[in-house]
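Let's work through some exercises together, one step at a time. Keep the sequence and the 3D view open while you read.

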Amino acid sequence: MTLHRLTRRIRIARPAAEVFAWHERPGAFERLQPPWEQVEVIARSGGIRDGATVSLRTKAGPVWLRWDVVHGDYLAGVQFRDRQRRGPFKYWEHLHRVEPDGPEASILVDDISYALPGGAAGALAAPMVRRRLERMFDYRHAVTKSDLEAANGRPGVRSLRVLVSGASGLVGRTLVPLLTTQGHSVVRLVRRAAAGPDEARWDPVRGTIDLTGAGRIDAVVNLAGAGIADGRWSVPRRREILESRVSGTRTLVAALARLPDRPEVLINASAVGFYGDRGDELLHESAAGGRGFLAEVCQAWEAELAAAEAIGVRTVALRTGMVLTPAGGALARLLPLVHCGLSGRLGSGQQWTGWITPDDLSGLMLAAMTDARWRGPVNAVAPEVVRQREFASVLGRVLGRPAFLPTPAWALKLGLGEMAQELLLSSARVEPTKALALGYAYRHRSLFAALTHMLGRTVSL
């Protein structure tokens, strides 16, 4: 058996005890999963202490593989080890260790020993497997370091109980584990008949919600709404997109009004579609709303927040740009085309595109929960807004693929109808004026940095 070894180290400007404690909190496993990897947890028990187990399935090409690991060699504040009991490797052992580097810093060490199955075929695959592991652990270390060094992760920040709708969606899957690893607790709003632990049932269409078992709620994040790009905008679909947002927010605010102890803040999703197609106009939060279906939806959505303000709940409306992740949304749909060399500018390519990573969007939400200065509309985009042709060029460069094949506006409109004009061809030059003024420290300020991180690529500028 040929044994391979991979060791990764990173210095984190937080004490060793704090770094180790982060790994024991709920959501740590989810925070460490790269968005380009398809991993699903089947079952888990016991945290990271001796005898604890995790069963998951992971995708290798078109095949789903079962992977069962058991934890051992737990030493509080110092280390724990994962050993494969069943899975894709012939042998797998992973030591997580935290070494003090003075009183205020530490070194996180991941030491992996593994063997591949398949004899000669496994030997041929060894370089590819190593590159995949290197990408994974570079991502994991970047996330761990950023999470722990963020201001909200430091001792002394009050633990909040947060009610989240849309927790299983694209943004919610990042937000919830970020909250729990930062020491907060989460109650998920769900639609199924039987709510489980830390869940509350609601039906936003019928306007019903049951918060009787939710306990104290300090903050609410409302991410629920029918998918904007999930289908052509027929008349029924347009109605669903609008009503799912307006009715859901109205139902939530009405439930908050009935609570004896109301939450301090309601953070509501919105979108840069609020501004409509504005060409080269520089758009701050004070800019008026625009025209078009998405603008009307966002304006109606945000109008529902007035009722929350009236009962003394601080509200924040996050006008979000394109959320960059290969796990879903616009970027996930573009990636197959880019890999095939079939991408380039859309229409003229002159339209401005605001974007943000899931980590920064979740970070904005966390900042809004813990800082009472955050109020009203907030442009949830990165500081570097780019024209669409530049977006296509940078994405092609990160993936090492050409990006010279334009898609004419008429073709987009033929295939997608009105949705093409509002989602792909309209221009909104949005700046995150409030977030910057309030001191939010972006993890990913440039498009190039965001894409290399989210796609696990190492590319020179």
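**Exercise 1. Two helices that meet**

Work out how helix α6 and helix α12 are arranged in this predicted model, and which residues bring α6 and α12 together.

Solution.

Step 1. Two packed helices are described by the angle between their axes and the distance between the axes.

Step 2. Find α6 at residues 293–303 and α12 at residues 418–425; the two pack at an angle of about 70°, and their axes are 9 Å apart. Angles from 65 to 115 degrees count as roughly perpendicular, so α6 is roughly perpendicular to α12.

Step 3. Now look at the contact. On the α6 side you will find Phe293, Leu294 and Ala295, and they meet Glu418, Glu422 and Leu423 of α12.

Step 4. Sort the residues of this contact by type: four are nonpolar, none is polar and two are charged.

**Exercise 2. A glutamine in a loop**

Decide whether glutamine 351 is buried or exposed, and find the polar partners of the side chain of glutamine 351.

Solution.

Step 1. Glutamine 351 sits in the loop between α8 (329–339) and β17 (352–353).

Step 2. The relative accessible area of glutamine 351 is 4%. Buried means under 20%, so glutamine 351 is buried.

Step 3. A polar atom of the side chain of glutamine 351 lies 3.2 Å from the backbone nitrogen of glycine 349. A polar atom of that side chain also lies 2.9 Å from the backbone oxygen of leucine 424.

Step 4. Leaving out residues up to four places away in sequence, glutamine 351 touches Leu346, Val386, Arg387, Gln388, Leu424, Leu425, Ser426 and Ser427.

**Exercise 3. Tyrosine 139 and glutamine 33**

Describe the surroundings of tyrosine 139 and of glutamine 33.

Solution.

Step 1. Start with tyrosine 139, found in helix α3 (residues 120–149). Tyrosine 139 counts as buried because its relative accessibility is 7%.

Step 2. Not counting residues up to four places away in sequence, tyrosine 139 touches Arg31, Leu32, Gln33, Pro34, Pro35, Trp36 and His453.

Step 3. Move on to glutamine 33, in the loop between α2 (28–31) and β2 (39–45). Glutamine 33 is buried too, because its relative accessible area is 18%.

Step 4. With neighbours within four places in sequence set aside, glutamine 33 is in contact with Val39, Tyr139 and Arg140. A polar atom of the side chain of glutamine 33 lies 3.1 Å from the backbone oxygen of phenylalanine 29.

Step 5. Compare sequence with space: glutamine 33 and valine 143 are 110 residues apart along the chain, and their C-alpha atoms are separated by 9.6 Å.

**Exercise 4. A sheet of eight strands**

Trace the order of the eight strands in the open sheet, then look at how β10 fits in.

Solution.

Step 1. The order is β11-β10-β9-β8-β12-β13-β15-β19, and the pairing is mixed. The edge strands, β11 (208–209) and β19 (376–380), each pair on one side only.

Step 2. Strand β10 (residues 199–203) runs antiparallel to β11, and two bridges join them. Tryptophan 202 has isoleucine 209 in β11 as its bridge partner, while aspartate 203 stands opposite threonine 208.

Step 3. In the hairpin of β10 and β11, four residues lie between the strands, and glycine 207 takes a positive phi near 80°.

Step 4. With β9, β10 runs parallel, joined by three bridges. Here the bridge partner of valine 190 is arginine 201 in β10.

Step 5. Four of the five residues of β10 are buried, so β10 is largely enclosed by the rest of the structure.

**Exercise 5. A sheet of seven strands**

Explain which strands stand at the edges of the seven-stranded open sheet, and find the helices that pack on the sheet.

Solution.

Step 1. The order is β1-β7-β6-β5-β4-β3-β2, with antiparallel pairing.

Step 2. At the edges stand β1 (4–12) and β2; each has a single partner strand, so one side of each is left without a neighbour in the sheet.

Step 3. On average, neighbouring strands of this sheet are turned by 20° against each other, direction ignored.

Step 4. Five bridges join β5 (residues 79–86) to β6 (residues 91–100), and these strands run antiparallel. Aspartate 82 stands opposite histidine 94 in β6.

Step 5. Helix α1 (residues 16–24) packs on the sheet, touching β1, β4 (63–75), β5, β6 and β7 (106–115). Helix α3 packs on the sheet as well, touching β1, β3 (53–60), β6 and β7, and its direction makes about 20° with that of β1.

Technical notes:
Residues are numbered from 1 along each chain as its sequence is written. Side-chain values use heavy atoms; hydrogens and water are left out. Axes are lines fitted to C-alpha atoms, for helices over the stretch in contact, and angles run from 0 to 180 degrees between N-to-C directions. Angles under 35 degrees count as roughly parallel, over 145 as roughly antiparallel, 65 to 115 as roughly perpendicular and the rest as oblique. Contact means heavy atoms within 4.5 Å. Ala, Val, Leu, Ile, Met, Phe, Trp, Tyr, Cys and Pro count as nonpolar, Asp, Glu, Lys and Arg as charged, and the others, Gly among them, as polar. Buried means under 20% relative accessible area, exposed over 50%, partly exposed in between (1.4 Å probe, protein chains only). A polar contact is a pair of N or O atoms within 3.5 Å; within protein, one must be able to donate a hydrogen and the other to accept it, and residues adjacent in sequence count only if both atoms are side-chain atoms. Two strands pair if DSSP finds at least two bridges between them.
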